[in-house]
Amino acid sequence: MDHQPKFFENLSGTGKAIGVLTSGGDAQGMNAAVRAVVRMGIYVKAKVYFVYEGYQGMVDGGDNIVEVSWESVSSILQVGGTVIGSARCKSFRTHEGRLQAAYNLVQRGITNLCVIGGDGSLTGANLFREEWSGLLEELAENGKIDAEAVKKYAYLNIVGMVGSIDNDFCGTDMTIGTDSALHRIIEVVDAIMTTAQSHQRTFVLEVMGRHCGYLALVSALACGADWVFIPEYPPEEGWEDTMCVKLSENRARKKRLNIIIVAEGAIDCHNKPITSEKVKDLVVQRLGFDTRVTILGHVQRGGTPSAFDRILASRMGVEAVLALLEGTPATPACVVSLSGNQAVRLPLMECVQMTQEVQKAMDEGRFLEAVRLRGKSFENNLNTYKLLSHKKPDAELPKTNFNVAVLNVGAPAAGMNAAVRAAVRVGITEGHKMFAVIDGFEGFARGKIKEISWGDVGGWTGQGGSILGTKRTLPAKYLEKIAEQMRTNNINALMVIGGFEAYLGLLELSAAREKYDEFCVPMVMVPATVSNNVPGSDFSIGADTALNTITDTCDRIKQSASGTKRRVFIIETMGGYCGYLANMGALAAGADAAYIFEEQFDIRELQANVEHLTEKMKTSIQRGLVLRNENCNENYTTDFIYQLYSEEGKGVFDCRKNVLGHMQQGGAPSPFDRNFGTKISAKAMQWISKKLKETYRKEAGKVFANTDDSVCLLGMRRRNLVFQPVAELKTETDFVHRIPKEQWWLKLRPLMKILAKYKTSYDVSDSGQLEHVAMLPKEAVPAPI
């Protein structure tokens, strides 16, 4: 970056008062946002107030608006819902109600509001802001406040965060609570699949989403549902016949179960509702299948927030406080939101207008427009679902005569199977013959390769580990044999799904092109490793699942300390030399420290951490959590740190240690990993098709690709999915420690420290610019869900 970093130290909150409230329907992760606002506010020396029960509390005043301390938000990070309550408020819709609310705020000097809620709550906040000076003048006329107060509290700053499980707000990729709601849905679907399998049943699942089909669509994508009904994309006339034909075809292919997902707001093309009962009756009458309906209801709102939602809400909360500190009378009310993995600020009313446009388009029957207005991510989910769920009859498929092989390389990562499924199905749709290689490069050399069909990968999305089998072996010592297998099976392109070994493997294969013509074919890599240490990508398949495992375990460990008090836990995470899991796990679990290789530490820092924990034990929060990456330092081992803490903490706290180990590689993939794996892999396969066409030499009758840009890694970079030649990524790689030289998440490190009460400097160069809600151009690439 060429600009000078801008640090927030020069932003002081002294003399400012911030009110934080949650309003509208609750969502998991709201508490993480509340915690971040409170702690960041106190950190910059502002006063922070809870407004209990949403706008109702603001109107009622009294004990509903209370100043809070650092400890007030301890232990709420892992709690679902909202601890400060939320209520529908009729009186705030009246002028008198807002007048009373303004009076209650002025009494406490609050002129900064952080509102966490849906579009209704945020629209209300904006109206309040616009009326503010008028309300104060009215209060002065009524003798409630003096002229001095009118001048002193002249304007109200509003920053919103969107908390809604429906992900129905335009301008943000993910709203707080959406990922957790998907976790709940997928847990239920996985459980239902086993019983449906036993009895050869059809299940109709109804999920939330009165006006937005995001949850239905993404869960259908994540579990490979047979059919999905959403309000934005009603089925065509005669859908009843089409659906029944599809269900019976699936049964004929030996599939023992059918899953149909219905959003509660699903409609047909005449705007008539399609209910789960209607779908069930249809299946029973037409096909006679044993069919059951399951309505998920409020289960989706409940439970503990996922790691993604905790990190998202913590980042948004800190960003919201920065936005309030920088606010002037001229700044419009804004929402802090997420684009790719970037925190951005957007004008609140632009987002609200766009959100309302979607509903308008749906009401008027302009459904394609509604899908487009929902944003690129939604559109991409829909297109990917359509691509993968319905197999065209063989007669309609193109025939390219190309053979494409797919293999897994490195350690297993949850989501690999979803990626293989997407690759195989997209490949077949594009007209290629797909081959699966068993056990990585080693299996390739031994000829463990077989053709794989559409049906072979059915039901793979929810499976953990690697069904194809995976090995860490690199290809260098088997080049001769792999070339021979590629020749024998006439393989024209390679798709490698794996971690750092997959990246090294592609470098070795492209270096061997001089000697072996067989390797002169398009090759693409999709990053899949729990360590998230692949250069060229901010995320890799499997890291989110591992992060959730770490977060769940830390929650349990913290709970075990609630009875014993004064206990510090040292937890070792995986990741090789990459500190992603330790750092993000610490942020999601509310840890006191995280030791990572990328940020060298010495005995003085260890000493400072012990002192920090000793101070903490004097407060009402009598437990500590410290994460350590497995390779962060060869001498300061987990045992060493455990013994040091035990000795130094004698008489103040006792210590326990925990090595999480391989549980981080196991388990069913999280919704994020299933969808990221599915979408990134489908895109990689489309790239292969394009490259095959470009590199086919008619005269020689074969594919010949020997340029750097025919060996690529597809990675998520900031806001985009990008194909990068592996040769160009060499300069970005630290090969000794197997990590990228620059890692985006290190910017979030100070966040964890601030929320754990350490003094630190935080580079805010990336924030602060108010962007506008643009309709994305057609070719813009979405963020992963």
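**Exercise 1. Decide whether asparagine 532 is buried or exposed in this predicted model, and describe its backbone setting.**

Solution. Begin with the accessibility: asparagine 532 has a relative accessible area of 3%, and since buried means under 20%, the residue counts as buried. Next, place it along the chain, where asparagine 532 belongs to the loop between β16 (523-527) and α18 (543-564). Finally, turn to the backbone, where phi of asparagine 532 is near 55°, which is a positive value in a residue other than glycine.

**Exercise 2. Carry out the analysis of Exercise 1 for glutamate 53: where does it lie, and what is its accessibility class?**

Solution. The loop that holds glutamate 53 runs between β2 (47-51) and α2 (54-60). Its phi is positive, at about 55°, although glutamate 53 is not a glycine. The relative accessibility of glutamate 53 is 35%, and because the partly exposed class spans the values between the buried limit of 20% and the exposed limit of 50%, glutamate 53 is classed as partly exposed.

**Exercise 3. Characterise the salt bridge between glutamate 187 and arginine 184 by its distance, its position in the secondary structure and the accessibility of its partners.**

Solution. The general basis is that side chains of opposite charge can pair when their charged atoms come close. In this pair, the closest N and O atoms of glutamate 187 and arginine 184 are 3.4 Å apart, which satisfies the limit of 4 Å for a salt bridge. Both residues belong to helix α6 (residues 178-199), and because they are 3 residues apart there, about one helical turn separates them. The accessibilities are then taken one by one: glutamate 187, at 44%, is partly exposed, whereas arginine 184, at 12%, is buried.

**Exercise 4. Describe the salt bridge of arginine 628 with glutamate 572, and explain why it ties together parts that are apart in sequence.**

Solution. Take the distance as the starting point: the closest N and O atoms of arginine 628 and glutamate 572 are 3.7 Å apart. Arginine 628 sits in strand β19 (residues 623-629) while glutamate 572 sits in strand β17 (residues 567-573), so the salt bridge links parts that lie 56 residues apart in sequence. As to accessibility, arginine 628 and glutamate 572 are both buried. Salt bridges can also share partners, and in this way Lys690, Lys691, Glu694 and Asp709 are joined into one network.

**Exercise 5. How many salt bridges does the structure hold, and what are the distance and accessibilities for the one between aspartate 394 and lysine 391?**

Solution. The structure holds 35 salt bridges. One of them joins the side chains of aspartate 394 and lysine 391 with an N to O distance of 2.7 Å. Aspartate 394 is exposed, its relative accessible area being 53%, while lysine 391, at 26%, counts as partly exposed.

**Exercise 6. Locate threonine 202 and arginine 93, and state the accessibility class of each.**

Solution. Threonine 202 is part of strand β6 (residues 202-207), and with a relative accessible area of 0% it is buried. The side chain of threonine 202 makes a polar contact of 3.2 Å with the side chain of arginine 251. Arginine 93, by contrast, is exposed at 72% relative accessible area, and it is found in the loop between β3 (65-67) and α3 (95-107). Together with Arg88, Lys90 and Arg210, Arg93 forms a positive surface patch.

**Exercise 7. For methionine 30, valine 336 and aspartate 592, set the separation along the chain beside the C-alpha distance to a second residue.**

Solution. Methionine 30, in helix α1 (residues 30-43), is buried with a relative accessible area of 0%; methionine 30 and serine 164 are 134 residues apart in sequence, with a C-alpha to C-alpha distance of 9.2 Å. Valine 336, in strand β10 (residues 334-339), is buried at 2%, and its C-alpha atom is separated by 8.3 Å from that of alanine 323, which is 13 residues away along the chain. Aspartate 592 lies in the loop between α19 (580-589) and β18 (593-595) and is buried at 4%; the C-alpha atoms of aspartate 592 and leucine 755 are separated by 8.5 Å, with their positions 163 residues apart along the chain.

Note on methods. Residues are numbered from 1 along each chain as its sequence is written. This is a predicted model: local features need pLDDT of at least 70, side-chain atom pairs count only at pLDDT 80 or more; totals for chains, interfaces and linings use all residues. Side-chain values use heavy atoms; hydrogens and water are left out. Patches are made of residues with over 30% relative accessible area and no salt bridge: like charges are joined within 9 Å, nonpolar side chains (Val, Leu, Ile, Met, Phe, Trp, Tyr) within 5 Å. Accessible areas come from the Shrake-Rupley method with a 1.4 Å probe; for residues, only the protein chains shown count as cover. Lys and Arg count as positive and Asp and Glu as negative; His and the chain ends are not counted. The place of a charge is taken as NZ of Lys, CZ of Arg, CG of Asp or CD of Glu. Helices (H or I, at least four residues) and strands (E, at least two) are DSSP runs, numbered from the N terminus. Buried means under 20% relative accessible area, exposed over 50%, partly exposed in between (1.4 Å probe, protein chains only). A polar contact is a pair of N or O atoms within 3.5 Å; within protein, one must be able to donate a hydrogen and the other to accept it, and residues adjacent in sequence count only if both atoms are side-chain atoms.
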